[in-house]
Every structure is written in C-alpha cells, then in structure tokens.
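Got your viewer open and a selection box ready? Load the model below and follow along, one stop at a time.

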Amino acid sequence: MARAVTTRRKTLTTLAAWGIALLIFFPILWMILTSFKTEQDAVLSPPVWFWFDWTTENYVTVMDRANYFRFFMNSVIIAIGSTALGLLIAIPAAWSMAFVPGAKTKDLLMWMLSTKMMPGVAVLVPIYLIFIKLKLLDTHFGLIIVIMLINLPIIIWMLYTYFKEIPGEILEAARMDGATLRSEILYVLLPMAIPGIASTVLLNIILAWNEAFWTITLTTVDAAPLTKFISSFSSPQGLFYAKLSAASTMAIAPILIMGWFSQKQLVRGLTFGAVK
Amino acid sequence: MAVVDQSAAPVSAERSAARARKPNKLFRNLTAKIAMIPLVFVSVGVFVGFTIWTIVYSFTSSKLLPKLNFVGFEQYTRLWADRRWLQSIENLAIFGFFSLILTLVVGFTLAALLDRKIRGEDVFRTIILYPFALSFIVTGLVWQWILNPQFGIQHIVQSLGWTSFQFDPLNNPDIVLYGILIAGIWQGTGLIMCIMLAGLRGIDDDIWKAAKVDGIGTLKTYLRIIIPMMRPVFITSLVLIAAGIIKVYDLVVAQTSGGPGLASQMPAMYVYDYMFGGQNLGQGFAASTMMLVTVAIILIPWAYLEFGGKKRG
C-alpha cells in the first residue's frame, strides 16, 4: 500500500476513524459507566459522565441476589464443552477434507456453511421433542450438543482453511518415517496448526457464550447461562437500571477482555479466514 | 467466504491428487471416509432430517402435538390470510431493505477509511468488531436504554436545551423498525467492514496508480473501478447480511418484543409464538417452511456463483 497519502490527510482520516470508533464504543462505555453508579445517579438529569460517586454496590447486589455465579459457570461449561466436542468431530473431518479431498468435498463444505444460515426456528420443534424424550431439557449436555451443532460449520470451515495452508509433504514425510495415521495427526498436524486451532477455539467460545435463541428456549433454571440471566430482566423501567448494567457488564466482560488480547485471530475467525 | 481461497483451491486439489496415488491410497481414502462419518451424520442426518420433518408436518393439522393427519395446503392458505404474518413479512421487508443497504454502505465506507493506513488500525478494527462479539440480547438491552425516552438520547438532547426534541422510536409504531435498525447496524457493520477490508487489500496497487495517472479522482476510482472489481466480496457480504436478516429474532425480542402492537413483529417470532404459545404447530411449521424457502432462494444462486461456476471454469 504505497499509495501517496499526505500527512495532513492521514491525520484527518485517523481523527475521523477514531471519532467513529468512539461513537461505536459509546453504548458499551455508557453501560460500563452506569454499572458503577448508584440507582439515583444512573437516571440523573442531566446525565453525569465521570464525576459521580463510583460504587461497586451494584455488582455486590447482583451477585448476591441473582446467583450470578451459577449462571456464569453454566456459560463456561457450555462454551467450553461445545467447543471441545466440536473440535473432536471437526479435526478428523477437516483433515480429511484438506488432505484427502474427494469429488464431493467442496459441495459438502458449501452445504455445511449454508446450514449456518438456516433459521433456528425451522428445526426447533423436532429438537425440542427429542429433548423431551431423552430428558435433555435444561441440562448442560443437551445444550452443549445443540450449540456444538450450530457452530460446527464454522469450526470445520476455519480448521479446513488453516489445514490447507500446511504443506501435505510434511505429513507425507512423517508417514514415510513410519508414523501411523494417529500420530501423523496428533504429533505432526496438530502442533503445526496450533495458531489456527487457537483462533477457532476462541471464536467458538465467543459464539457459544452469546448464543441466546437456543439457550433461552431449552433451559429453565439448572443449566441456564448468562444470556438467559440477562434476558430475564426484560424491562428495566429505571428501577434496576444500574444493576442491570452491572449484570450485563459482567456478562460481556470476558468477551471484551478475550477480544482485546486476541484481536488478530478474532478478525480472521469472524471473517472466515478472509482477513489475515 | 471463499473470497480469498478460490485461487488456492485448484492447486491444492492437484497436489492432494498426486499424493493420493501413493501406495497406501486405499487405506488413506478409507480412513478419510471414516473421519467424515460424524460430520456427514450431523450435517445430513440432523439438518436435512429435521428440516424435512418440519416441512412434512407443515402439511398436517397439528395443534398442540405433531400429528400426521394431512390437510394439504390448508395451513399455508391460513398463514397467508393472517394479518399478523403479513405484517411481519412487511416489517421484515422494510427492516431488511434498509439494513442491507446501510450495512453495505457503512461497512464499505469504514473499510475504505481503514484502508488509508490510519494509525492504530488494529485497535480500531477490534472496537468496530466489539458489537458483533456481543450477544443480541445485550445489544438489544443496551439500545433499549439508549433509545429510552426517560434517560436515553431524547432525554440528553432535551436536557441540553432543545426541549421539544422527540426521539422515542421504540414506543412509536411508525418508526419502531428504525430504532431496531440502528441497533442491528451497530452490531453488524464490523463484520462487513472486515470482509470489505479484505477485498480492498486484495486489489492491486497498480490499479490505483493507473487511475491516478489517468487523472481519475479518488471517489470516482472507488465507484467506477474498485467496487465493480469487488463484486464477489459484495455478494458474500450480501448473503451473510441477508441470512442474518431472515433469522432476526433475539434483537427484536430484547428491544421491543415485537411491539408496540404488531409494529415490529418478525417472521421468526411468529413461528416461535405459534409453536409454543399459540398451540398451533402446523401453522408454525408452515411459516418456518416459508422462511426456509426464502433462505434457499438467497443461497442457491450464491452457491451456484461461488462453487458451481468454478467447476466448469
């Protein structure tokens, strides 16, 4: 990009970009600020920005009252469980697609990706009925399976694009040296694909963490994650404004922190490997 | 999605074909097939199976429980005579139209801005992607507060002195869709921007130089040369946005629950309510079949362009 851009112009575009970034970040910022206000300060007119009595009382109340920790743990279990299960199915499949492609590989990949675009309501009832029959409603295991199914296309697609960048000759060399298929995948392919697998895992944890439609439908109490917790405060009406902000901030904090430290992988993951 | 990979695919296929001719070909192929079984089971068994199930039962008169007493197209006739369904289709059309255009325009503009090599690009990119990494539920709630007349934008502007300022979209049936639209664009633009940026970075610098030599202005270069060149990127973005629009559910539920009245009802909510609240499964199935058909109408031409065309070329 050796395009000639004058310094003044560059400063201007940078300023514009940062203005936009601030505008986009503002809603999140406001929510975080509000979570540290008292309920009175939160609805004050005109609004106070930074000069209020900072308090953590909202966080204490939310944790006490709503059993926040259990929702949080459910989110963790579901996010990690579904990602792990997804990898277990996706790694062999992606290996097969990347290194031993058949005539139908591209079609299958295409098909996988299009299922991601399918509206969830279209398969809701059959899944719901199966859940009733197998007593999976409101269980971690059931949710892990459903969320894994939803995100599997993305896991496969991402792993496939990463695996394809690894030269097949290296695997072949390992095979010539007498490596079994298992050790070929386990000790040669996977270590080389670690960065790719890491970003796949990261993106999937985020997607699973945010999944709302299925978690709200298929859980009641025992396995309910944070999305359910937040949605249960459906109408704040000013009463719990600061507390709800605190609850939401806690729900998104892990995502914001993870996102910050892994921005590059995140961008690549979210754009299906199109941006490197 | 295969924007960048397209060029790499044929090479890799040739290479692997060469590899597959090695002695242990049969064993490897067999293992490769076995490795695919769980995936094929999941994608074909679960997705196709459940989808067909839903379509089959959309031709029955199922009420509280699914029953196989076929009634032909009766559920569809009733569906298309239902004011609520028609309203939600209309809402989706309005929401979808603006959401598609605005997300593309804003996404491309931001990407073009970012392509000018601004300082701190990584941080900027992350911040713009942040909304996308949030749950729709959180997005819906945040915007519900910001658009709340008592302490949101309306309140702030009024307290700054403009007391007659009115901006209360979520409680006004005439503009409620635009309130949801703002939140939707806020959430979706980051992803489109990243995809567009990838497209812009893929364009050869010589084209810019040539345009400059010919004395074509920056804006004109974008409109006449760059954007036509980025057609595949635009198509991919279009498909991603469109698929998201048809599915829109959580965002609306968190912001307005479909109200006021029917003003922000969406097809997915209609389906959901008929399946769980209305005790009229058959009609819910018919509605979800209509949604599936719409997704297929969007996806099939795209799949043909991205994958089908290449096989022959």
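Which residue lies over the face of A:F71? Select A:F71 and look above the ring: A:R70 is there, at 5.4 Å from the ring centre. Before we move on, keep in mind that this is a predicted model.

**Stop 1: a helix in chain A**

Stay in chain A and pick residues 194–210, which form helix α10. The helix has 17 residues, and from its first C-alpha to its last it reaches 24 Å, close to the 24 Å expected at 1.5 Å a residue. Now switch on a surface for everything else. Twelve of the 17 residues in α10(A) are buried, so the rest of the structure largely encloses this helix. If you'd like to colour a few of the buried ones, try A:I197, A:L202, A:L203, A:I205, A:I206 and A:W209, which are among them. Polar side chains turn up in the buried set too, including A:S199, A:T200, A:N204 and A:N210.

**Stop 2: rings across two chains**

Next, select A:F213, A:W214, B:Y249 and B:Y272 together and show them as sticks. Ring pairs link these four into a cluster. Counting over all chains, the structure holds 28 aromatic pairs. One to bring up now is B:F73 with B:Y76: the ring centres are 5.7 Å apart and the planes sit at 55 degrees, so this pair is tilted. The cover on the two partners is worth a look: B:F73 counts as exposed, at 57% relative accessibility, whereas B:Y76 is buried, with a relative accessible area of 10%.

Then jump to B:F98 and B:Y178. Their ring centres are 5.7 Å apart with the planes at 70 degrees, so call this pair edge-to-face. B:F98 sits in helix α4 (residues 83–114) of chain B and B:Y178 in helix α8 (residues 176–201) of chain B, so the pair ties together parts that are 80 residues apart in sequence. Both rings can be seen from outside to some degree: B:F98 is partly exposed at 32% relative accessibility, and B:Y178 is partly exposed at 35%.

**Stop 3: a nonpolar patch**

Keep B:F98 and B:Y178 selected and add B:F97, B:I101, B:L102, B:V105 and B:V106. Together these residues make a nonpolar surface patch of about 580 Å². Which element gives the most to the patch? That's α4(B), with six residues. B:V106 is found in this helix, and it counts as partly exposed at 32% relative accessibility.

**Stop 4: chain B as a whole**

Zoom out and colour chain B by secondary structure. You'll get 14 helices and zero strands. As for cover, buried residues make up 53% of the 313 residues in chain B.

**Stop 5: salt bridges**

Time to hunt for charges. Over all chains, the structure holds four salt bridges, and the next three selections each show one.

Start with B:R78 and B:E74, whose side chains meet in a salt bridge at 3.0 Å, N to O. The two are four residues apart in helix α3 (residues 74–81) of chain B, so about one helical turn separates them. An α-helix has 3.6 residues a turn, so residues three or four places apart point the same way. In this bridge B:R78 is partly exposed, with a relative accessible area of 35%, and B:E74 is partly exposed as well, at 40%.

Now go to B:D115 and B:R201, where the side chains meet in a salt bridge of 3.0 Å, N to O. B:D115 lies in the loop between α4 and α5 (121–129) of chain B, while B:R201 lies in helix α8 of chain B, so this pair ties together parts that are 86 residues apart in sequence. Is B:D115 buried or exposed? At 2% relative accessibility, B:D115 counts as buried. Its partner B:R201 counts as partly exposed, at 29%.

For the last selection, take B:K209 and B:D206. Their side chains meet in a salt bridge at 3.9 Å, N to O. They are three residues apart in helix α9 (residues 205–213) of chain B, so again about one helical turn separates them. B:K209 is partly exposed, with a relative accessible area of 48%, and B:D206 counts as partly exposed at 46% relative accessibility.

Definitions and conventions: Residues numbered from 1 in each chain as written. Chains lettered and ligands numbered in written order. Heavy atoms only, no water. Expected span 1.5 Å × (residues − 1). Buried < 20%, exposed > 50% of the residue type's maximum accessible area, 1.4 Å probe, protein only. Phe/Tyr/Trp six-rings, centres within 6.5 Å; stacked < 30°, edge-to-face > 60°. Lys NZ or Arg CZ within 6 Å of the ring centre and 35° of its normal. Patch = residues over 30% accessible without salt bridge, like charges linked within 9 Å, V, L, I, M, F, W, Y side chains within 5 Å. Areas by Shrake-Rupley, 256 points an atom, 1.4 Å probe, with all protein chains shown as cover.
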